[in-house]
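User: Could you take a close look at one helix for me and walk me through how it sits among its neighbours? I work at the bench, so please spell out the terms as you go.

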Amino acid sequence: MRHQKKGFKLNRTAAHRKATMAAMSNALIRHKRITTTWTKARALRMFVEPIINRAKEDTTHNRRQVFRYLQDKESVTELFGDIAGHIGERPGGYTRIIKLGQRAGDSAEMAMIELVDYNDVRPEGSSTGKKR
């Protein structure tokens, strides 16, 4: 049975997977948008959204809990400063994943993951919210 087995293994050991998610989270927090494979983007979304949610309340405990995962002081400062101000009252859904097609070398499905509040341009093919 597959009970309580949520997540992606990404063909890595647990320590390697943790390091990969931390590095990708730091890159996402710094650059607000990164390009990676579709599966890694989905895994990153599951990893980073609770961290961003924790940054809404700036307490010492929350900073230490976030630092546990990110292991980077600059990213923690950026997250609790600029990003926490932008997400404000948003109840969730801090990231957006956009498919980009297949990579030329190995035909891996590529995707772009970005922080929602930092992008004013709507991706092609998305609805405008108005119904006809």
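Analyst: Happy to help; here is a walk along helix α1 and its surroundings. The model is predicted, so local features need pLDDT of at least 70 and side-chain atom pairs count only at pLDDT 80 or more, while totals for chains, interfaces and linings use all residues. Residues are numbered from 1 along each chain as its sequence is written, and side-chain values use heavy atoms, leaving out hydrogens and water.

Helix α1 covers residues 14-31; helices here are DSSP runs of H or I with at least four residues, and strands are E runs of at least two, numbered from the N terminus. From first C-alpha to last, α1 reaches 26 Å with its 18 residues, close to the 26 Å expected at 1.5 Å a residue (1.5 Å times one less than the number of residues).

Its buried residues (under 20% relative accessible area, 1.4 Å probe, protein chains only) are T20, M21, A22, M24, S25, N26, L28 and I29. Among the elements covering them are β1 (33-37), α2 (38-54) and α4.

Helix α4 (residues 73-87) packs against α1 at about 45°, with the axes 10 Å apart; axes are lines fitted to C-alpha atoms over the stretch in contact, and angles run from 0 to 180 degrees between N-to-C directions. The two are therefore oblique, a class left over once angles under 35 degrees (roughly parallel), over 145 (roughly antiparallel) and 65 to 115 (roughly perpendicular) are set aside. At this contact (heavy atoms within 4.5 Å), N26, I29 and R30 of α1 meet E74, S75, E78, L79 and I83 of α4.

Just after α1 comes K32, with a positive phi near 70°.

Conventions: Buried < 20%, exposed > 50% of the residue type's maximum accessible area, 1.4 Å probe, protein only.
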